[in-house]
Amino acid sequence: MSAEHPMYTPFFGAMGAAAAMVFSALGAAYGTAKSGTGIAAMSVMRPELIMKSIIPVVMAGIIAIYGLVVAVLISSSISATNYSAAKAFCHLGAGLAVGLSGLAAGFAIGIVGDAGVRGTAQQPRLFVGMILILIFAEVLGLYGLIVALIMFSSASSF
């Protein structure tokens, strides 16, 4: 082990992969659970709207896919022999970027999805507004994915 490739660098790469998956999955789980309770409450009075109200759950699930993509990229590039500290820290940053933005997006999707499906059951014209707000919440996770991919690709130059 040299000073350029310390023994501990794979740990930071693995933490980046774990952070990407764990935080984005937490956001997706919260978004699914929160909007799912809204769907369950709404479907008692308006069962014909159940399939239309699944959209927030699907959008929350996409957040976990963002984290999965980055976690797979990071974990496939971790090497015990030729893995510099700079590359490891870029991978950690990439995992945190997608994971924490996915957590925030999942919270937003859950809260908007819950209130949105309940409101749509009472006033159907709210549906388009709910979808627009959900798109803006989903984009927060996409921003984290873009930043993580840029950080991951720039780490290959180290």
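How far apart do the end C-alpha atoms of residues 126–152 lie, and what share of the span is helix? In this predicted model, the separation is 40 Å, and the span is 100% helix with 0% strand. In the UniProt record, an unreviewed entry, residues 126–152 carry the feature "transmembrane region", a label also placed at residues 12–33, 54–74 and 94–114. Residues 94–114 are likewise 100% helix and 0% strand, and the end C-alpha atoms of that stretch are 30 Å apart.

The unreviewed UniProt entry further places the feature "domain: V-ATPase proteolipid subunit C-like" at residues 15–74 and 92–151. Over residues 15–74, helix accounts for 85% of the chain and strand for 0%, with the end C-alpha atoms 10 Å apart. Over residues 92–151, the helix content is 95% and the strand content 0%; here the end C-alpha atoms are separated by 9 Å.

The largest nonpolar core contains 28 residues. Within this core, the residues that touch the most other members are Ile-63, Val-70, Ile-74, Val-98, Ile-109, Met-130 and Leu-134. Two or more residues are contributed by each of H1, helix H2 (55–77), H3 and helix H4 (126–155). The surroundings of Leu-134 were examined further: when residues up to four places away in sequence are not counted, Leu-134 touches Pro-56, Met-59, Ile-109, Val-112 and Gly-113. Ile-109 thus appears both among the core residues with the most contacts to other members and among the contacts of Leu-134.

Aromatic contacts were considered next. A search of the whole structure returns 4 aromatic pairs. One of these joins Phe-12 and Phe-89 in an edge-to-face arrangement, with 4.9 Å from centre to centre and 65 degrees between the planes. This pair connects distant parts of the chain, since Phe-12 belongs to helix H1 (residues 9–45) and Phe-89 to helix H3 (residues 85–122), at a spacing of 77 residues. Phe-12 has a relative accessible area of 23% and is therefore classed as partly exposed, as values under 20% would be required for a buried residue. Phe-89 is also partly exposed, at 40%. Ring pairs assemble Phe-12 and Phe-89 into a cluster together with Tyr-8 and Phe-11.

A further ring interaction involves a charged side chain. Lys-52 is positioned over the face of Phe-127, at 4.4 Å from the ring centre.

Notes:
Residues numbered from 1 in each chain as written. Predicted model: local features only at pLDDT ≥ 70, side-chain atom pairs only at ≥ 80, totals over all residues. Heavy atoms only, no water. UniProt positions renumbered as here; feature names shortened; annotations may be inferred. Helix = DSSP H or I, 4+ residues; strand = E, 2+ residues; numbered from the N terminus. Phe/Tyr/Trp six-rings, centres within 6.5 Å; stacked < 30°, edge-to-face > 60°. Buried < 20%, exposed > 50% of the residue type's maximum accessible area, 1.4 Å probe, protein only. Lys NZ or Arg CZ within 6 Å of the ring centre and 35° of its normal. Core = buried A, V, L, I, M, F, W, Y, C linked by side-chain atoms within 4.5 Å. Contact = heavy atoms within 4.5 Å.
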